[in-house]
Structures are given as C-alpha cells and as structure tokens.
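Student: I am new to this one. Could you show it to me and let me ask a few things?

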Amino acid sequence: MTFEKGTFWEGAVCVLFGLWNCIGILLGDVGCLVGGILEILVGFVVLAIEAPCCFIFLDYVQQVAEKADQRPYWNRAALYCVIALPPVILCFGLGTLFGCGLVFVTGMIYGMMALGKKASFAEMRAAAAAATAASAASAAEQGRSNGMAASAPGSQKQSSTLVNNVQPIAYSMPPPYDSVA
C-alpha cells in the first residue's frame, strides 16, 4: 500500500473540522457535538484505509487496509459516500460540508474508477450500430407478428405506434364514460 498525500490531507481535514464542530457544545448544540464526533471517526476511517502508515502503532490497521485494497472499488465508493452523510445531516455547516464533502467526493471518484475506462470512439460507434441494428430487427419482427409488412426503421409514420382512441390535444370536452353520473 502506498502513502497517498491527497487522501492523507483529506482525512486530516475531516478530523480537524470534526474537532471544530465539537466546539459547538459550548453553544449548547448537541447535534454538532455528535456530528463532530462522527466526522472525526470518518476522518480516522479514511486515514486508516488510505494511509495506514499514520497508525503504525495499531497492528490491525494494516490488515484492514490490505482487506480494503482487495475489495472492488465500488465497495470503497459506497463506504465513503455512506459514512460522509450522517455528520452533515446532524450538523449542517461549512466545516461539516467541507470535511465530509471531501470524503464524499473521494467516494464518487472511486465509483467512477469502478465503472472503468471509457471505450474508444470506434468501439462506441460499433456498439451503437449493433444496438440500432438489433432494435430495427426486433421492430421488423414485431411488425411481422402483428401482420403488418416490415419496412425500413425510419419509413413508418410516428403515429403508427399510438393507441387508436387517443384524442387530439385541442379536444376540449371530457372523454365519454360508460356510465351516466
């Protein structure tokens, strides 16, 4: 596991803003105290997973960090996005938004990493052509099963797929009912 400067500062900022939110107890705001404590815990979790060298004195932190590295990126993304929300909900302020916002953005970045690399232009064009051909083939098959003649995908009228009893927009009377009110 490598020491990553960005995630170290992110965890440190989260811990510092958590300490700042704990000062809210002086003003009698218990929600900010609990939110600050949770924000400190979020910062420590991020530091333990991303920079275990900060916790050399704890034996099990290295094992937790190695387990986190073996998991897929979407697991880490979900963890970071979920643990960043409760402090913001309990104490909505700039310190909480900034500290936990960094953790949430890291979770989003891990989520994008889980999606993988974008395909090349040629691969995307080939996939779009295959999807268009498949939808045209299914439309032609559906037309044959309904007894209609198959035609090119763009040659059908737009209203051919509409329901037969649809009324025009300018129709101002209520639709007829089966029962009399």
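Student: Which residue does D69 meet in a salt bridge?

Tutor: Happy to start there! A salt bridge here is a side-chain nitrogen of Lys or Arg within 4 Å of a carboxyl oxygen of Asp or Glu. The D69 side chain has such a partner at 2.7 Å, N to O, and that partner is R76.

Student: What should I know about the model itself?

Tutor: It is a predicted model, where local features need pLDDT of at least 70 and side-chain atom pairs count only at pLDDT 80 or more, while totals for chains, interfaces and linings use all residues. Residues are numbered from 1 along each chain as its sequence is written, and side-chain values use heavy atoms, with hydrogens and water left out.

Student: Is D69 buried, exposed or partly exposed, and which class does R76 fall in?

Tutor: Buried means under 20% relative accessible area, exposed over 50%, and partly exposed in between (1.4 Å probe, protein chains only). R76 has 8% relative accessibility, so R76 counts as buried. D69 has a relative accessible area of 38%, so D69 is partly exposed.

Student: Which residues are joined into one network by salt bridges that share partners?

Tutor: The side chains of R76 and E50 also meet in a salt bridge, at 3.1 Å, N to O. E50 lies in helix α2 (residues 30-50) and R76 in helix α4 (residues 73-83), so this pair ties together parts that are 26 residues apart in sequence. Helices here are DSSP runs (H or I, at least four residues), numbered from the N terminus. Through shared partners, the network joins E50, D69 and R76.

Student: At what angle do the axes of α2 and helix α6 cross?

Tutor: Two packed helices are described by the angle between their axes and the distance between the axes. Axes are lines fitted to C-alpha atoms, for helices over the stretch in contact, with angles from 0 to 180 degrees between N-to-C directions. The axes of α2 and α6 (residues 94-115) come within 11 Å, and they cross at roughly 35°.

Student: Which residues of α2 meet α6?

Tutor: Contact means heavy atoms within 4.5 Å. On the α6 side, the residues are G95, T96, G99, C100, V103 and Y110. Facing them from α2 are E39, V42, V46 and E50.

Methods. Helix = DSSP H or I, 4+ residues; strand = E, 2+ residues; numbered from the N terminus.
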